[in-house]
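Grab your viewer and a coffee: here are some exercises to work through with the structure open. Each task comes with a worked solution, so try it yourself before reading on.

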Amino acid sequence: MVTGAGRDLSRFDPMAPLLDVQNLHVSYTARTGQCSTALANVSFALQPGETLGVLGESGSGKSTLAAALLRLLPGNGRIERGAVHFEGQDLLRAAPRELEKTRGDRLALIFQEPSLALHPAIRVAEQIGDVIAAHKSLGRRAVREQARQILAAVFSTETDRIANSYPHQLSGGQRARVLIAQAISCEPSLIVADEPTASLDPETQQEILSLFWDLRQKFNLSMIWITHNPLLLEGFADRVLVLYAGRVVETGPASNVLSSPRHPYTQALLRCLPPRIEDSFANHKEYLPVIPGETLGSLAASEGCHCLFEPRCVERMAICAEREPEMVQLSSTHGASCFKHVDEWT
Amino acid sequence: MREVLALAGVTFSIFSRTTLAVVGPSGSGKSTLASCLACLEPVSSGKIWFAQTEVTAMDAGQQCAIRPSIQMVFQDPASSLNPRMSALELVSEPLKIQDRFDKRERSDRAYDLLERVGLPREKAAQRPDEFSGGQRQRIAIARALVLEPKLVILDEALSALDCSVQAQVANLLMDLQASLGLTYLFITHDLAMAAHLADEIAVMERGRIVETGAARSVVDSPQHAVTRRLLLAAPGVRNSALEPQAV
């Protein structure tokens with residue numbers, strides 16, 4: 001088997017983005033038959049080697065986005081329209097067998113919960129070998145050797161012990177590393193990571209972040225890093241995409257979005273964080289700023305009739321309740337979907 | 001069977017109506033400590049005093065009697081709340097188990113608490129899966145408070161929540177502490193939140209308390225390597241916090 005078989009590489013323009021997502025719409029059908037929009041009009045492009053941080057709270061559609069890109073939505077989820085092009089391949093139209101070749105090989109996904117994403121009764125080295133064997137025609141020996149090499153890339157010590165361990169014998173941080181090893185085992189060009197550090201303590205979190213940082217340089221990896229914690233994106237992501245109720249509300253270079261956000265939601269979200277430790281005693285035990293109200297969740301959101309953040313927005317205007325804002329380009333790289341910036345457009 | 005020492009020589013006290021934050025890496029014994037205080041885990045040696053009585057000297061029956069005054073809120077409300085019970089049933093159940101009041105009084109008290117934690121009366125009949133993560137944690141807090149405890153152990157109670165929801169629940173906890181005179185043991189690995197909410201901070205590692213003191217002095221002039229490491233790992237912290245302090 002030749003890597004890249006089945007894909008028309010001759011049509012792949014080296015200047016084109018690695019991943020190009022256009023107008024992605026995803027909906028879920030509830031058991032009651034009710035259909036709801038989980039993602040609407042999501043567009044973005046990713047250049048080779050670039051890391052995109054997807055920032056969103058529960059129900060914003062960030063995990064739906066990860067699943068939709070790889071066409072791994074649950075049975076009641078449907079991609080209504082849109083296009084996803086990855087390395088010149090149209091992922092939404094690819095035949096299932098073509099898609100299987102791409103997933104795990106060129107495009108890898110790291111799931112949220114390391115303890116659930118690993119098979120509990122198979123040794124670690126074997127689980128990594130399975131991924132390699134699925135994509136490469138190698139003998140058993142060679143697969144085992146390659147699995148070991150990959151493990152050595154993420155564990156500097158104890159590689160052998162870990163290779164022969166079952167997942168329950170490992171700590172949370174070690175399991176996260178195994179998932180990373182699995183993801184890089186076929187040297188993908190893009191990794192989609194859905195809250196890969198959510199269940200880890202801060203020290204382990206930092207270790208995993210710096211591991212990703214190293215791997216990025218080493219393999220020229222592109223990454224989509226999905227998280228609810230803006231602090232994890234600081235100094236890590238090149239660009240940030242902020243989701244609210246299934247809509248992209250703001251996108252731009254990470255340093256701009258995180259330090260001078262332009263959408264009222266991003267601004268409110270960043271204000272909610274506990275004060276930086278060195279400042280925390282100025283307002284010790286005082287109320288933290290909050291965003292009033294509850295997230296609707298994208299599931300309750302209907303399309304097009306108003307800005308979905310309007311009910312919670314401190315800067316709402318009459319127009320916000322009348323129709324949904326479009327993305328306003330604030331600079332060549334920074335955009336926000338908010339009527340208050342419409343004048344800046346022209 | 002091999003015995004493992006989960007806690008070794010841990011000594012501390014919490015004063016009434018204050019908050020002690022216990023921070024430390026995973027596996028440092030924070031949750032074991034919580035279980036011991038809540039009489040859920042027997043101690044091999046050492047003494048625990050609660051409100052002038054020695055808990056460790058009590059028999060099982062006596063411990064049962066003081067348990068209502070020590071309540072816990074866990075990290076993940078999705079798994080700590082029975083999915084088949086309504087919010088109202090969940091909050092009134094502790095009263096039922098303790099056989100306090102008649103049914104009507106129990107419901108009244110549960111309604112009151114649900115309102116107090118910010119859940120409207122008309123949602124009381126809904127089950128946990130119909131609530132958001134933040135609302136579920138509010139239910140768990142109401143359930144912990146219905147027995148009018150003195151000490152509430154918050155075991156990573158904010159960790160599973162989104163940032164904006166974390167702030168809402170943290171504000172609620174401060175409100176309740178002031179109005180009900182609660183004492184909190186706040187277990188967390190979020191040092192920024194610990195610094196904001198706590199009067200005192202204890203830092204644990206491998207079953208020992210390696211540093212303890214007023215929250216401010218622990219953060220401003222960390223003495224132990226573990227504390228420094230935790231400060232360094234806290235996301236978004238500028239390293240200036242770790243530079244040697246001018247004396």
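**Exercise 1. Describe where the two chains meet: how many residues of chain A are in contact with chain B, and which helix of chain A gives the most?**

Before we start, keep in mind that this is a predicted model.

Step 1: Count both sides. Chain A brings 33 residues into contact with 32 residues of chain B.

Step 2: Look for the top contributor on chain A. That's helix α8 (residues 202-219), which supplies four residues to the side touching chain B.

Step 3: Sort that side of chain A by class. You get 16 nonpolar, nine polar and eight charged residues.

**Exercise 2. Check the overall dimensions of each chain against the compact-globule rule.**

Step 1: Take chain A. A compact globule of 346 residues would have a radius of gyration near 20 Å, and chain A comes in at 21 Å, so the two agree. Its C-alpha atoms fill a box of roughly 65 × 50 × 45 Å along the principal axes.

Step 2: Do it again for chain B. For 247 residues the rule gives a value near 18 Å; chain B has 19 Å, which agrees. The box for the C-alpha atoms of chain B is roughly 60 × 45 × 35 Å.

Step 3: Add burial, using the cut-off of 20 or more other C-beta atoms within 10 Å. In chain A, 43% of the 346 residues are buried, and in chain B 44% of the 247 residues are.

Step 4: Ask how far along the sequence the contacts reach. Take the contacts with a separation of 6 or more: residues 24 or more positions apart account for 62% of them in chain A and 66% in chain B.

Step 5: Finish with the element tally. Chain A has ten helices and twelve strands, while chain B has ten helices and eight strands.

**Exercise 3. Work out which strands flank β7 (residues 200-205) of chain B, and in what sense each one pairs.**

Step 1: Start with burial. Six of the six residues of β7(B) are buried.

Step 2: Split the strand by face. In a regular strand the side chains alternate between the two faces of the sheet. Here B:Glu200, B:Ala202 and B:Met204 sit on one side, with B:Ile201, B:Val203 and B:Glu205 on the other, and both faces are covered.

Step 3: Find one neighbour. Strand β1 (residues 19-23) of chain B runs parallel to β7(B), joined by four bridges. B:Val22 stands opposite B:Ala202 here.

Step 4: Find another. Strand β8 (residues 208-214) of chain B runs antiparallel to β7(B), with six bridges between them. B:Ala202 turns up again, this time with B:Thr212 as its bridge partner.

Step 5: Inspect the turn. Two residues lie between the strands of the β7(B)-β8(B) hairpin, where B:Arg206 takes a positive phi near 45°.

**Exercise 4. Carry on from β1(B) to β6 (residues 183-188) of chain B, and say why β6(B) counts as largely enclosed.**

Step 1: Make the link. β1(B) and β6(B) run parallel, joined by five bridges, and B:Leu20 stands opposite B:Leu185.

Step 2: Check burial. Five of the six residues of β6(B) are buried, so the strand is largely enclosed by the rest of the structure.

Step 3: Look for a further partner. Strand β5 (residues 151-155) of chain B pairs with β6(B) in the parallel sense over five bridges; B:Val152 faces B:Tyr184 in this pairing.

Step 4: Determine the handedness. β5(B), α7(B) and β6(B) form a right-handed β-α-β unit.

**Exercise 5. Trace the eight-stranded open sheet of chain A, then find what covers helix α10 (residues 264-271) of chain A.**

Step 1: Write down the strand order. It goes β6-β7-β8-β3-β9-β10-β12-β11, with mixed pairing. The edges are β6 (107-110) and β11 (328-329), each pairing on one side only.

Step 2: Zoom in on one pair. β10(A) and strand β12 (residues 335-336) of chain A run antiparallel over two bridges, and A:Glu250 stands opposite A:Ala336.

Step 3: Turn to the helix. Six of the eight residues of α10(A) are buried, among them A:Tyr265, A:Leu269 and A:Leu270.

Step 4: Identify the cover. From chain A it includes β9 (239-244), β10 (247-253) and α9 (254-259), together with α7 (163-180) of chain B. That last helix also belongs to the β-α-β unit of Exercise 4.

Key: Residues are numbered from 1 along each chain as its sequence is written. Chains are lettered from A and ligands numbered from 1 in the order in which they are written. This is a predicted model: local features need pLDDT of at least 70, side-chain atom pairs count only at pLDDT 80 or more; totals for chains, interfaces and linings use all residues. Two residues are in contact if their C-beta atoms, placed from the backbone, lie within 7 Å. Ala, Val, Leu, Ile, Met, Phe, Trp, Tyr, Cys and Pro count as nonpolar, Asp, Glu, Lys and Arg as charged, and the others, Gly among them, as polar. A residue is buried if 20 or more other C-beta atoms lie within 10 Å of its own, exposed if 12 or fewer, and partly exposed in between; C-beta atoms are placed from the backbone. Two strands pair if DSSP finds at least two bridges between them. The radius of gyration is taken over C-alpha atoms; the globule rule is 2.2 Å times the number of residues to the power 0.38. A crossover is right-handed if, with the strands pointing away from the viewer, the path from the first strand over the helix to the second runs clockwise.
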